[in-house]
Amino acid sequence: MSFAIEKFYLLFQGTLVFQGIFFCLIWAATRRKDVFWYSLYLLTAALYFFVNATGTFFNIDENAVFESRWYSWLNIPIIIAENLFYLLFIRAFFYDIIESQRVKNILRLTLYSVPLLFFCFFVFKTTGISTYNFFYIVKLLSVIPAIFIVYIVIKNKLPYAMLVANGLVFTIIGTLLTVLMIILGNKDVHNIFTDYYPLFFIRLGILGDMFFYQLALLKKWRWQEKELAIQQLETQLAVERVKSQISKELHDDIGTTLSGINMYSHMAKEQTASGNAAASGKTLEVIQQASDEMINKLKDMVWAMQPGNERLEELTDKIKEYAVFISGAKKITLQTDFAKGTHGFTLSAETIHNVYTIAKEALNNAVKYSGASLISIETEINNDRFTLRIMDDGTGFDREQATGGNGLLNMQKRADDMGADFSIQSRPGEGCSISLILKITQLGIV
């Protein structure tokens, strides 16, 4: 049996070194943090097994190595570094997909304890205090968060993470069995594992961990490819929706405006020919206002379609810019309270255009019709919901009687098209408050 285990050790060590280098190459190509930490974990584990099996790999007397001064200073730091890299791998892979704050706190606590372990080890060695128990402490550091993560993954059936959880199970069992063999050996329980191969089980655990992690990577990459294909299809559909909406608006709003300009231009021509300069001047003012409105609508459409403007912060900046401009023209006081932390949130071009159009319509109504002296704009982010409120202290209106006026129906329709919640609160003499609540998406940060 010893012969078979020795051959397994050689095969395992070659596999471990190869896999460490292989994951280094994967990291160089993908720059994934979990792959980086896993490669360092495997290479450090390989170094640890080289140091603890010099007879197998280098034909050097292991007893002489274990009694040497350099081994007493090197062995525990290698174990601590190995488990540090494994904890960093676990955090990089699971941190964004596990919502349990308890598990995150445990991971954070164990990682913070690693520098303390290094410090305590060197203090103990310098002062001559025994460092024997450090091996057990370090192994428990990686086992405890792993057990919690396995429980959360199984409980919530997280995608592709189940395979890595299986690998964690192998690591947990292999580590515990190795610790058990060492404890039994110290208590004079003698067998081939306690006497000669206590690290056999931890090697099996790492082997299982490597196997399941590679399967998880393949499954995750396949899942990401599907998600990318779905995202590209959704992007194409969103573009088609925007094109359809723009075509409709060009036909409805801008087409109507151009028809009006054409009609008023003929009217101005006839008024000029008849010598009615005053009437002609008023007609030309109507044409100018209509053309300005059309130009602004076209600018808004182009802005919403430009790359980079899909970010939520770009939208709120644009709303504030317009609010400052239109309220300043009537010398109305403007108050803004925009939510912080909008970076990373995105909206489709269609949604950007709709939200901005609703905000403009609400601001126009407040400035032109409310008689307000104060306009307030607030934004709020709560989980995956974005809320926009525009309020004024104007004369207000009867909501039931004003349903079809001041573009309210148009704002409601745009909100319905986005699947957003839209509400208006107003009473005569009590001002007006318009609220829009819609779902937003946050990009992932690795």
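Across the whole of this predicted model, a search for aromatic contacts finds 35 aromatic pairs. One of them joins Phe22 and Phe23 in an edge-to-face arrangement, with 5.7 Å from centre to centre and 65 degrees between the planes. The label follows from the angle, because planes over 60 degrees apart count as edge-to-face. The two partners make a pleasant contrast in their surroundings: Phe22 is partly exposed, at 32% relative accessibility, whereas Phe23 is buried, with a relative accessible area of 0%. Phe23 falls in the buried class because that class takes in relative accessible areas under 20%.

Ring pairs also build up into a cluster, which links Phe8, Tyr9, Phe12, Tyr48, Phe49, Phe193, Phe200 and Phe201. Tyr9, one of the members of this cluster, has a charged neighbour as well: Arg203 lies over the face of the Tyr9 ring, 3.6 Å from the ring centre. A charge over a ring is also found at Tyr322, where the charged end of Lys360 sits 4.9 Å from the centre of the ring.

Turning to the cysteines, the search of the whole structure finds zero disulfides. Cys24 is partly exposed, with a relative accessible area of 28%. Cys432, by contrast, is buried, and its relative accessible area is 10%. The two residues are classed apart because the limit for buried is set at under 20%, with Cys24 at 28% and Cys432 at 10%.

Definitions and conventions:
Residues are numbered from 1 along each chain as its sequence is written. This is a predicted model: local features need pLDDT of at least 70, side-chain atom pairs count only at pLDDT 80 or more; totals for chains, interfaces and linings use all residues. Side-chain values use heavy atoms; hydrogens and water are left out. A disulfide is a pair of cysteine sulfur atoms within 2.5 Å. Buried means under 20% relative accessible area, exposed over 50%, partly exposed in between (1.4 Å probe, protein chains only). Rings of Phe, Tyr and Trp (its six-membered ring) pair if their centres lie within 6.5 Å; planes under 30 degrees apart count as stacked, over 60 as edge-to-face and the rest as tilted. A charge sits over a ring if NZ of Lys or CZ of Arg is within 6 Å of the ring centre and within 35 degrees of the ring normal.
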